[in-house]
Amino acid sequence: MSSPGESAAPAAASRAAATRVLVVDDDPTVAEVVSGYLDRAGYLVDGAADGPAALARAAAHRPDLVVLDLMLPGMDGLEVCRRLRAEGPVPVIMLTARGDEDDRILGLEVGADDYVTKPFSPRELVLRVESVLRRTRPGAAARPLRAAGLAIDPSARRATKHGTELALTLREFDLLAFFLRHPGRAYAREDLMREVWGWDFGDLSTVTVHVRRLRGKVEDDPARPRLIQTVWGVGYRFDDTEAAAGTATPGPPHPAPEEEARS
C-alpha cells in the first residue's frame, strides 16, 4: 500500500510540470525556503542568485511567474524586471528587505504585479503566487469587452486601443477589464484592491500606481484623464460617455486620491 505522500506525489508533479516559477534571490536561505514551499505546493521551481543568471534561466525556460528580489548584486531587481518584460509578459512578485514606500512604488512602476517585504511568511507568499497565477488564467466563459475605442479579450489576455495592441501588465489588464465591466460606478481603492487583486488588505498605493500606469496607456492625455476619472474623496470611475462623444471639456490634471488628501 502506498503512503499518502506517495499518492500525492504524482498529482503534485502534474501541477508542477504545468507551472514554472523562477525564484531569484542572492540569499541562499531565503531562496531555499521559498523554493521549498513552492515545490511542496506543486510548482516546478527554477532558481538564480543574480540578474544575469535569472535572465539566462528565463531565456532557457520561460517561467509562468517570477519571484524576484529587489536587492541583487550587480544588476538589481528593477533592471531584471525591465529586461524580463521586454521579452514578453510575465507576472512578477517583487521581494525586498526594504519597506520604504518609494521602493514599493519603484517596483510597481517597472511592472511588478505584487510586492512582498521581508521578513514574510512563506505560506503567504505561496498564496500570493496562487492568486497572481489564477488571474492569468481566466475562465473560458469570459466575454470580450469594448468601450471608447478599447477592446479586451479576457480569454486571450489581449487588449487594444483603436486596434493597436496595448502592452499591459497582468494587474493593468485586470484593472482595465474591471473598469470596462463596471462603467459609471465609482470605486474606492479598497474596493479595487479587493475586486481586482483579491486582497482584503494591503498597501493602497499599489492601486494608485497601477491606475497611473494604466492611464498612461489608455488615455489620450494622461494628465487630463477622460476615461479613468478621479472621484474626489472616493476613488476612481470609468466613464466613456464624454470621451466617446468627444465633447468633454478638459479640466485640471487629476491627482491620485491620497494626493488629494495631502493638498
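Contact here means heavy atoms within 4.5 Å. With that in hand, welcome to a short tour of this predicted model, with stops at a four-stranded sheet, a helix lying across part of that sheet, and Lys217 in helix α9.

**The sheet**

- Four strands form an open sheet in the order β6-β7-β8-β9, and their pairing is antiparallel.
- β6 (145–147) and β9 (164–165) are the edge strands, and each has a single partner, so one side of each is left without a neighbour in the sheet.
- Three bridges join β6 to strand β7 (residues 150–153), again in the antiparallel sense.
- Within this part of the sheet, Ala147 sits opposite Leu150 in β7.

**The helix across the sheet**

- Helix α7 (residues 170–181) lies across three strands, namely β6, β7 and β8 (158–161).
- The direction of helix α7 is at about 110° to that of β7.

**Lys217 and its surroundings**

- Lys217 belongs to helix α9, which spans residues 205–218.
- Lys217 has a relative accessible area of 25%; it counts as partly exposed because this value falls between the 20% limit for buried and the 50% limit for exposed.
- Leaving aside residues up to four places away in sequence, Lys217 touches Lys161, Leu166, Ala167, Leu168, Thr169 and Glu172.
- One of these contacts, Leu166, is 51 residues from Lys217 in sequence, yet their C-alpha atoms are 7.1 Å apart in space.
- Another of them, Ala167, offers its backbone oxygen, which the side chain of Lys217 reaches at 2.7 Å.

Definitions and conventions: Residues numbered from 1 in each chain as written. Predicted model: local features only at pLDDT ≥ 70, side-chain atom pairs only at ≥ 80, totals over all residues. Heavy atoms only, no water. Helix = DSSP H or I, 4+ residues; strand = E, 2+ residues; numbered from the N terminus. Buried < 20%, exposed > 50% of the residue type's maximum accessible area, 1.4 Å probe, protein only. Polar contact = N/O pair within 3.5 Å; in protein donor to acceptor, adjacent residues only side chain to side chain. Pairing = 2+ DSSP bridges. Axes fitted to C-alpha atoms, helices over the stretch in contact; angles between N-to-C directions.
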